[in-house]
Structures are given as C-alpha cells and as structure tokens.
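Reader: Hello! I would like a close look at a single part of this model, its largest pocket, together with the parts of the chain that help to form the lining.

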Amino acid sequence: MSDTTVTKIDSAHSPKGEHGEKYLASGKSISMRLWEDEQPGEPKEQTAREYETVGYVIKGRAELHIEGQTVLLEAGNSWVVPKGASHTYKILEPFTAVEATSPPAQVHGRDEN
C-alpha cells in the first residue's frame, strides 16, 4: 500500500495572506510561507504572535527588531522569533525569505492583525 500522506504544493497556485505572504506547504504542526520581493519602506507594525517562526533569507536585506535588539538579515542568514516575542521587520532592499511557523500561522486566525 502506498503512502498517501505526502503533499506536493505548487507555489504558482498558493494562496496569499493579507500581509503579502504566500502560503506554501502546511502540516498539522508546522507550515511554510514565502515572502517574495518585499519592498523597502517603513518598519511594519510591532507585533507578538502565538506561534514560533524560523526563517531563511534567499535574497535582499532586512532588519529584525526583536525585544530591544536589532538583527541584520542578509542572504544566507536564518533567524528565530520565539512565540510571544515582540518584533517587527524593516525591509532595507528587495527581500525574499521563506519562513516556517509552528503551529501553522494561518490556522485559527493566528496570522491576523
């Protein structure tokens, strides 16, 4: 009997969230999303989320402002935002990154506001 739990997601058909993120694969306890060509501008509004986020920068540069620290994110860097940590991002140059969230960010309104 073959395993039917494997899911393949084509990002060309992935839904977009209200903040511009593209939702990729999502399981019961983790999901992935893509931030593609986010443009420079003012920092996004400070927030604290009910999920943990780990990310990896594909291209561009941004600042992560988290709990009083500023972390420069560049291509090849990865980062962690713990559940409940107050943070914001400031995009410095066109920015593409992939993030994983646990539990999935888009479930039960966790990604709203």
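Author: Happy to help, and one convention comes first: strands (E, at least two residues) and helices (H or I, at least four) are DSSP runs, numbered from the N terminus. The model is predicted, so local features need pLDDT of at least 70 and side-chain atom pairs pLDDT 80 or more, while totals for chains, interfaces and linings use all residues. Residues are numbered from 1 along each chain as its sequence is written, and side-chain values use heavy atoms, with hydrogens and water left out.

Let me begin with the chain that surrounds the pocket. It has 0 helices and 6 strands, and reading along the sequence gives β-β-β-β-β-β. The C-alpha trace spans about 50 × 25 × 25 Å along its principal axes. Of the contacts with a separation of 6 or more (contact means heavy atoms within 4.5 Å), 61% join residues 24 or more positions apart. Buried residues, those under 20% relative accessible area (exposed is over 50%, partly exposed in between; 1.4 Å probe, protein chains only), make up 34% of the 113 residues.

Now to the pocket itself. The largest one has a volume of about 440 Å³. A pocket here is an open set of points on a 1 Å grid over the protein atoms alone, where a 1.4 Å probe fits, with protein on both sides within 12 Å along at least five of seven lines; lining residues have an atom within 4 Å of a point. Its volume is the space filled by probe spheres set on the points, which are joined across faces, edges and corners. The lining of this largest pocket is made up of 23 residues, and those closest to the centre are Trp-35, Lys-44, Thr-47, Arg-49 and Tyr-89. Three elements each give two or more residues to the lining: strand E2 (31-38), strand E5 (78-81) and strand E6 (87-102). The largest share is that of E6, with 7 residues.

Since E6 gives so much to the lining, I would look along that strand next. Leu-92 lies in E6, and it is partly exposed, because its relative accessible area is 29%. Ala-62 is 30 residues away from Leu-92 along the chain, yet their C-alpha atoms are separated by 4.9 Å. Beyond its neighbours up to four places away in sequence, Leu-92 touches Pro-40, Arg-61, Ala-62, Glu-63 and Leu-72.

Ala-100 is another residue of E6, but this one is buried, at 17% relative accessibility. From Ala-100 to Ile-30 there are 70 residues in sequence and 6.6 Å in space, C-alpha to C-alpha. The contacts of Ala-100, apart from neighbours within four places in sequence, are Ile-30, Ser-31, Met-32, Glu-52, Thr-53 and Val-54. The peptide bond from Ser-102 to Pro-103 is cis, with omega near -5°, and Pro-103 belongs to the segment after E6.

E2, which also contributes to the lining, has a backbone detail of its own. Asp-37 sits in this strand and has a positive phi of about 55°, although it is not a glycine. It is partly exposed, with a relative accessible area of 37%.

Two glutamates lie in the loop that follows, between E2 and E3. Glu-42 is found there and is exposed, since its relative accessible area is 70%. Between Glu-42 and Gln-69 the C-alpha distance is 17 Å, with their positions 27 residues apart in sequence. Glu-50 is also in the loop between E2 and E3, and at 48% relative accessibility it counts as partly exposed. Glu-50 and Lys-83 are 33 residues apart in sequence, while their C-alpha atoms are 5.4 Å apart in space.

One more backbone feature rounds off the tour. Glu-67 lies in the loop between strand E3 (52-66) and strand E4 (69-74). Its phi is positive, about 45°, although Glu-67 is not a glycine. With 52% relative accessibility, Glu-67 counts as exposed.
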